[in-house]
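Here are some notes for a colleague who is about to look through this model. They take up the contact between two of the domains, and then the strands and a few backbone details.

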Amino acid sequence: MADMLSTNAASPAVIRRTDYRPPDWLVPDVALNFDLDPALTTVRATLTVTRNGAHTRPLHLDGDGIVPLEVRVDGHLLDADAWHLEAGALIISLPGDAHDVETLVELAPQSNSKLMGLYASGGLLCTQCEAEGFRRITFFPDRPDVLSRYSVRMVADKVRFPVLLANGDPGDTGDLPDGRHWAQWTDPFPKPCYLFALVAGDLACNADRFVTMSGRAVRLGIWVREADLPRTGHAMEALRNSMAWDERVYGREYDLDVFNIVAVADFNFGAMENKGLNIFNSRYILADPETATDIDYDGVEAVVAHEYFHNWSGNRVTCRDWFQLSLKEGFTVFRDQSFSADMGSAAVKRIEDVRILRAAQFQEDQGPLAHPVRPESYMEISNFYTATIYNKGAELIRMIALMLGPDRFRAATNLYFDRHDGQAATCEDFVRAMEEGGGIDLSQFRLWYEQAGTPHVRALLHHDPATQSVELHLEQAVPPTPGQGGKQPMAIPLRVALFDPATRAHHGDELLMLTQARQTFRFTGFATAPILSINRGFSAPVIVETNRSQQDLAFLSAHDDDPFARYEAVQQLMVNVLIGRIAGQAVDEDAVIAAIATMIADSTLDPAFIAEAARLPSEAYLGDQMAQVDPDAIHAVRDALQQRIGADLEPQWRAIHAATKADGFALSPAAKGARKLRNVALHYLVASGASDGPAIAFAQFHDADNMTERQAALATLANGTSPEREAALDIFHHRYGGDALTLDKWFQTQAFAVHPDTVELVEELGRHKDFTLANPNRVRSLYGAFAGNQWAFHHGSGKGYRLVADCIIALDRLNPQTAARLVPPLGRWKRFDPARAASMRGELERILAQPGLSKDVTEQAGKSLD
Ligand code: B3K
Ligand code: ZN
């Protein structure tokens with residue numbers, strides 16, 4: 001596929017992993033001088049460059065949308081014929097092996113709608129460089145294996161930009177005569193330019209301190225608009241907890257005198273780990289009970305931790321090239337997941353993480369954009385910040401940690417960090433450190449980095465009463481993915497237990513390594529046939545198919561002592577009923593009702609766990625279980641089962657809803673769990689069709705003292721057609737219309753509503769006065785949520801596809817990176833009936849036909865048509 005596109009002259013060039021070559025020139029030191037102004041900023045950069053190896057190749061400094069106003073070498077202004085531009089890059093032939101190269105460029109941050117490079121957001125000036133944004137600021141070898149020491153001087157108007165921040169530690173500051181001032185920052189740690197950052201603005205600081213394990217005091221600052229200061233407490237607590245956790249669990253200490261975080265309203269993704277100066281999408285910093293749900297609070301904690309952990313896994317040890325992206329992202333996601341598990345309920349965290357993996361990564365792995373954790377090629381690297389790189393990448397690290405056990409894993413990560421500190425490393429370096437530090441052979445395991453696609457594991461259990469033994473037959477297959485045909489068997493760690501139905505106990509949890517296409521494991525000492533619990537804790541990111549009966553699943557849903565396996569058993573019971581119904585089979589629903597009834601009656605269970613397990617699988621997950629997705633049939637059977645669960649257990653839902661009211665301001669796992677279960681109860685109560693359902697939901701909406709309950713009530717009402725729906729939406733808009741992050745919830749709730757008119761409503765909302773394409777959060781709240789709403793997006797009229805395609809086309813002119821993220825839902829056309837598939841393809845073709853389409857969208861839409 002990639003080859004085909006590279007032969008098309010109009011297509012962007014394909015970059016290949018195997019083409020890697022070390023840099024021709026290194027840049028040990030950089031001095032940057034910014035004269036900052038939203039309309040016109042000048043950047044003077046002085047690079048000390050040294051020739052890397054014996055060659056005569058010129059200096060190649062990447063640039064994107066900038067022109068050099070001056071080029072100097074060793075202080076001498078070069079004539080215009082001594083340099084030239086090639087595909088945006090500045091090419092200079094240099095005589096010696098070491099020179100000072102100075103360039104001057106002008107930028108217009110306020111016109112930068114791509115939000116890459118230096119841009120303006122809500123009166124601030126800020127930067128985003130990963131992956132290739134630094135070349136939009138100055139000419140530089142914009143590749144992660146060129147590590148430099150940065151010193152940065154910023155000059156700006158003192159009234160508009162009283163705060164001037166950059167990477168590293170602060171230095172001198174001073175005033176200038178014309179109402180301007182300056183500040184100097186120096187970062188002693190060599191870093192790639194994607195970690196460069198600066199911020200200028202009128203910001204207030206939540207200041208705190210952290211004393212590291214070796215006794216160094218670090219000044220912590222979270223910088224926001226003055227009015228937002230009261231909403232920064234949770235992020236600060238998460239930061240201090242993260243710093244302590246990384247010392248305790250990985251022995252990693254923070255290394256500068258200051259650690260700053262800035263929240264900005266316009267941001268293309270969640271946050272960015274710039275050295276000593278993390279820049280965040282404000283939705284992952286700001287939280288208070290009036291506006292943030294428990295999910296938002298957990299998101300703040302996880303993202304603060306994630307970016308902080310990058311200081312070691314990403315910054316101190318960075319990536320050699322962008323094909324190694326999962327080296328830092330997969331590992332850091334694993335680290336933030338482990339941290340969140342330690343801060344709250346590990347069982348529930350695992351369930352949530354697997355749900356996300358299945359929803360995002362398994363879908364990606366099944367479609368035209370499937371790629372290995374270490375990809376082989378790309379056109380636009382921004383398109384590769386994917387669930388595969390992040391979430392599947394994290395699963396790979398989790399499997400290694402499982403195979404090694406905690407002590408050997410720690411020894412291995414110590415070796416990795418110590419060996420590669422200050423270096424730009426590869427995934428192979430990581431695996432080798434795991435092998436040497438952990439004492440394990442990962443030869444076959446390396447296939448997880450190379451082969452795309454989700455492995456399928458078929459597990460059949462045979463009991464032989466004569467020998468009182470059991471054979472577990474396992475078969476694995478990895479489906480073909482674009483550009484990858486016949487696959488080799490993977491090394492799959494499966495945690496397994498065999499339950500005795502009589503005693504309800506098992507004989508121990510075992511880790512089996514499935515390494516062949518077919519393999520049989522034998523167990524003895526079973527007079528009666530045991531029940532199989534497999535892939536406990538979701539030990540491997542695979543799809544397991546078993547021959548377990550509904551009775552077996554019912555048993556596990558009541559007795560499995562592994563919380564994930566227990567959750568999985570309940571979900572599988574539900575899947576079997578729903579998919580069976582669609583296929584016209586009368587699969588008994590009673591087992592589902594009984595399983596939920598048993599759980600909600602069990603006072604020993606964590607309410608958060610019950611809430612997770614009692615929810616029906618999403619419509620999208622059910623679609624994934626079908627050879628061809630039928631959105632209408634899925635919606636119908638799921639709705640019917642929901643109604644029945646609501647009606648059959650109505651007294652229980654009423655009791656839970658009445659009894660589990662938690663203190664709305666408490667953030668303990670117990671309080672969060674109580675709210676989660678109460679919201680599930682409300683959902684089922686309304687689904688039951690009880691006449692007072694909407695009134696109860698409206699009362700919860702109205703009386704709630706926290707956003708978790710208010711938003712859940714709103715979402716429940718938004719799914720229905722009651723008069724309370726409009727009333728609640730109006731009140732919400734009136735109350736929160738002035739707060740961007742909360743207004744996002746208003747858009748998102750409607751776009752995600754399982755409501756017959758969602759398509760029309762989203763179309764209207766796209767014209768709402770509060771909707772704007774300029775803010776990525778707003779776009780994601782409306783169109784991102786809508787594209788994830790299976791029943792609505794895949795509306796038989798094809799109108800949902802057209803809405804999203806229109807948005808992609810319009811947004812591409814402003815912000816290609818965010819536009820490209822909306823393409824994958826349209827690329828799943830092979831999974832749908834011919835009529836839907838034709839409409840989806842039609843929209844992809846319409847997008848590709850747009851003149852001047854970005855590289856980002858061209859790559860995603862082009863690959864999606866194959
Ligand atoms: N490293 C950044 C992601 C940058 C995305 C660039 N398209 C945030 C993170 O993963 O921590
Ligand atoms: Zn990251």
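## Notes on domains, sheets and backbone

1. Between domain 1 and domain 2 the count is one salt bridge. Please keep in mind throughout that this is a predicted model, so that what follows describes computed geometry. The salt bridge is formed by Lys328 with Glu130, and the closest N and O atoms of the pair are 2.8 Å apart. Across the interface of domain 1 and domain 2 there are also two residue pairs in polar contact, both at pLDDT 80 or more.

2. For orientation, the domain assignment divides the protein into domain 1 (21-202), domain 2 (320-450), domain 3 (455-540 + 542-648) and domain 4 (737-866). The centres of domain 1 and domain 2, taken over C-alpha atoms, are separated by 32 Å, and the contact takes seven residues from domain 1 and 11 residues from domain 2.

3. The area buried between domain 1 and domain 2 is about 740 Å², and carbon and sulfur atoms give 60% of that area. On the domain 1 side, Glu130, Ala131 and Pro144 supply 53% of the area that this domain buries against domain 2, which is more than any other three residues supply.

4. Two of these residues deserve a second look at the level of the backbone, for Glu130 and Ala131 are joined by a cis peptide bond, with omega at about 0 degrees. Ala131 itself lies in the loop between strand S11 (124-128) and S12. Glu130 is thus a partner in the salt bridge with Lys328 and also one of the two residues joined by the cis peptide bond.

5. Turning to the sheets, an open sheet of eight strands has the order S6-S5-S9-S3-S2-S12-S15-S14, and its pairing is mixed. Strand S6 (76-77) and S14 stand at the edges, each with a single partner strand, so one side of each is left without a neighbour in the sheet.

6. Within this sheet, strand S12 (residues 148-157) and strand S15 (residues 180-191) run antiparallel and are joined by nine bridges, with Val152 standing opposite Trp185 in S15. Strand S14 (residues 169-175) also runs antiparallel to S15, and five bridges join the two. Along this pairing, Asp169 stands opposite Thr186 in S15, while Asp175 stands opposite His181 in S15.

7. S14 and S15 form a hairpin with four residues between them, and in the turn Gly179 has a positive phi of about 80 degrees. A positive phi is also found at Asp74, where the value is about 50 degrees although the residue is not a glycine. The place of Asp74 is in the loop between strand S5 (70-73) and S6.

8. A further open sheet is formed by three strands in the order S4-S8-S7, with antiparallel pairing. Strand S4 (59-61) and strand S7 (83-86) stand at its edges, each with a single partner strand, so one side of each is left without a neighbour in the sheet. Neighbouring strands of this sheet are turned by 25 degrees against each other on average, direction ignored.

9. In the three-stranded sheet, S4 and strand S8 (residues 89-92) run antiparallel and are joined by three bridges. Leu59 has Ile92 as its bridge partner in S8, a pair that can be located directly in the structure shown above.

Technical notes
Residues numbered from 1 in each chain as written. Chains lettered and ligands numbered in written order. Predicted model: local features only at pLDDT ≥ 70, side-chain atom pairs only at ≥ 80, totals over all residues. Heavy atoms only, no water. Pairing = 2+ DSSP bridges. Axes fitted to C-alpha atoms, helices over the stretch in contact; angles between N-to-C directions. Domains from an automatic or database assignment. Contact = heavy atoms within 4.5 Å. Buried area = accessible area lost by both parts, 1.4 Å probe. Salt bridge = Lys/Arg side-chain N within 4 Å of Asp/Glu carboxyl O. Polar contact = N/O pair within 3.5 Å; in protein donor to acceptor, adjacent residues only side chain to side chain.
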